[in-house]
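Biologist: Could we go through this structure together? I have a few short questions.

Modeller: Certainly; please have it open in front of you.

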Amino acid sequence: MSDREVLVIGGGPAGVAAALEMARGGLKVTLCEQGPRLGGAIHRQPDDPSRRVRVPKAQRQRWQALAEALAASPVTVLCRHMFAGVEGSGAVLLEDRASGRIVTRHPAALVLALGGVERATPVPGWQLPGVVTAGGLQMMMKSTGRAPDGDVLLAGSGPLLVAVAAQLTALGKAPVAVLERSTSAVSLRALAGLIRAPAYLWEAAGYLLPLTKAGIRLQRGASVRSIVPAGDRLSVTIVDTIGLEQRLVVDRVALHDGLLPNGNGTTPAPNGPFTVLAGDCREVLGGVAAIADGRLAGLAVLARLGQAAPDLAGAAATLRRERRTQSALNTLFDYSGSDAAHLPDDTVICRCEGRTLGQLRGMLAAGDRVSAREIKLNGRFGMGACQGRFCAEWVAAFVASQRDGQPPQVAEIVGSRWPVKPVPVSAFVDLPPSSPSE
Amino acid sequence: MTSTSQAFLFDGKAIPFDSNETIAMALDRAGIRTLGAGQGNSTGRYFCGIGTCQACTVSVDGTRMEACLTPARIGLQVERIASVSL
Ligand SMILES: Cc1cc2nc3c(=O)[nH]c(=O)nc-3n(C[C@H](O)[C@H](O)[C@H](O)COP(=O)(O)OP(=O)(O)OC[C@H]3O[C@@H](n4cnc5c(N)ncnc54)[C@H](O)[C@@H]3O)c2cc1C
Ligand code: FES
């Protein structure tokens, strides 16, 4: 085995597959995951192993195969270790969440498999407690094995809405309604793409059958117009295709408008190690592709470090097939969010800093040419703790829709600062703060 | 594996939790949805569940951590943060 260490960040399918490929190729591999357990967004393991959430069989088997191979491999796994960025000298910074301290590493190569983030587009009231992302709601079910209490409304666009609705139903807590913004019927092109990937059809059938049985209706063309507090609950105004409004009072609203690559910290650092992106953080293609992409990332590292690498033509073919499937699927959905013209000025856009659409409109009305930098530094959009993960894309699209010419780049609003996430100053001090013992 | 004896403190109130549960899950089951003062009219809350939005940041024994990523432990002192800006 080579004594050069390579580092993989992210314990989802892409990160695990990359780690395994590099360990097989003779490299010394350390796999870091910020959360308490491996699995990533799709294979998240329950807190209590005796509680199981039903997932499609093929999906469960994919993870089981990876987990078994990992257990049998020499890969070192560090959970609760958060990648905080690559600093100027090229050192990789990891925050050990148990001790609260920063650890530095100088790996020969770095694989970033940070996964995707959900897109949630602004609607008035989306910043209220009780409004979550559909994936956030799914995480609650996956980790506790129970349905969250209270009445749930799912809204937005994308296959995840249906998946989460089915999982809620399986746990005995069918959602009040599922609103899918898209009005598109299944097109022939989409079907042709899907038929090439039968696994997806089985998974979709598995999701849809229990929903139909439970009498849940997918309201196509309907979306959330606004959410306001109603005592301890949330009063939601929904609007359908012909503009009719209806009010629903629920306990939780789960929003979702597709997935985006988690790009934070993925900009190459000048003196940093050879870095490869893998899985959803490179291109959102789903769980099957993430495994193939992880293997290919491992292969790229092996080749770069002069290790013998296997032929992974199969993985490359999987990636191409999944890309076709994803683009076919994407034509069925509408991730654009509410028409900004319908959004009142007090709609919160930046959920971290509470910056509103009115403030953004004001900036655009005042300046003749507001740059991305001004939007960020003066407007404080994309400046909050999430570093623009939830507002930058929307802000860039909105600004582009309001004027001609070169639209601002999302990357300029997100920026490429480190730390990737807010790291407590105490972490940089040599004294460990009083910390939770493991 | 529910044990009723294990609890952490949230703003001084004992919150029971199940083995391996995160702080965010235990607070949600206790009916607590507002996790901090936040900024403007955005309060601290659980949102993404995967450590990306930072909206659930609380103080855990004096250190800022995402409640959705941090496992609950007996005796932890968890507090709402007055403002989550940096
Ligand atoms: C919320 C959510 C729910 C989803 N639900 C489904 C579903 O039900 N069905 C389905 O088919 N697909 C689902 N997907 C898509 C699916 O997650 C992906 O296709 C697949 O998980 C991609 O694998 P990955 O390894 O690239 O990323 P992920 O599985 O997301 O893994 C990334 C890992 O990196 C870790 N990480 C991120 N940043 C850091 C950091 N700075 N330091 C250390 N670790 C870090 C994360 O904690 C995570 O464990 C979902 C995606 C999301 C975001
Ligand atoms: S809920 Fe988003 S970081 Fe915890």
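Biologist: Let us start with chain B. What share of its contacts between residues at least 6 apart in sequence join residues at least 24 apart?

Modeller: That share is 41% in chain B. Please bear in mind that this is a predicted model.

Biologist: Which secondary structure elements does chain B have?

Modeller: Chain B has seven strands and one helix. Along the sequence they follow the pattern β-β-α-β-β-β-β-β.

Biologist: How many residues does chain B have, and what percentage count as buried?

Modeller: Chain B has 86 residues, and 57% of them count as buried. Its accessible surface comes to about 3,100 Å², with 53% belonging to carbon and sulfur atoms.

Biologist: How many residues does each chain give to the contact between chain B and chain A?

Modeller: Chain A contributes 52 residues and chain B contributes 42. The area buried between the two chains is about 3,800 Å², and carbon and sulfur atoms give 52% of that area.

Biologist: Which residues in chain B lose the most area to chain A?

Modeller: They are Arg33(B), Phe47(B) and Thr52(B), which together make up 17% of what the chain B side buries.

Biologist: And how many salt bridges are found across that interface?

Modeller: The rule finds four between chain B and chain A. As for Asp28(B), this residue forms a salt bridge with Arg252(A), and the closest N and O atoms are 2.8 Å apart.

Biologist: Changing topic: which residues have the most contacts inside the largest nonpolar core?

Modeller: Leu153(A), Val224(A), Ile227(A), Val253(A) and Val395(A) have the most contacts inside that core, which has 47 residues. Helix H11 of chain A, residues 392-402, supplies the largest share, six residues.

Biologist: Why does this core lie between domain 2 and domain 3 of chain A?

Modeller: Because both domain 2 (118-258) and domain 3 (348-414) give residues to this core.

Biologist: What does Val395(A) touch, leaving out residues up to four places away in sequence?

Modeller: On that count, Val395(A) touches Ile349(A), Leu360(A), Ile375(A), Phe381(A) and Ile413(A). Apart from this core lies another, of 40 residues, including Ile15(B), Ile23(B), Leu35(B) and Cys68(B).

Biologist: One last residue: is Leu7(A) buried or exposed?

Modeller: Leu7(A) has a relative accessible area of 0%, under the 20% cut-off, and therefore counts as buried. This residue sits in strand S1 of chain A, residues 5-9.

Biologist: How far is Leu7(A) from Val29(A) in sequence and in space?

Modeller: The two are 22 residues apart in sequence, and their C-alpha atoms are 6.0 Å apart. Not counting residues up to four places away in sequence, Leu7(A) touches several residues, among them Thr30(A), Val92(A), Arg105(A) and Leu110(A).

Conventions: Residues numbered from 1 in each chain as written. Chains lettered and ligands numbered in written order. Predicted model: local features only at pLDDT ≥ 70, side-chain atom pairs only at ≥ 80, totals over all residues. Heavy atoms only, no water. Helix = DSSP H or I, 4+ residues; strand = E, 2+ residues; numbered from the N terminus. Buried < 20%, exposed > 50% of the residue type's maximum accessible area, 1.4 Å probe, protein only. Contact = heavy atoms within 4.5 Å. Core = buried A, V, L, I, M, F, W, Y, C linked by side-chain atoms within 4.5 Å. Domains from an automatic or database assignment. Areas by Shrake-Rupley, 256 points an atom, 1.4 Å probe, with all protein chains shown as cover. Buried area = accessible area lost by both parts, 1.4 Å probe. Salt bridge = Lys/Arg side-chain N within 4 Å of Asp/Glu carboxyl O.
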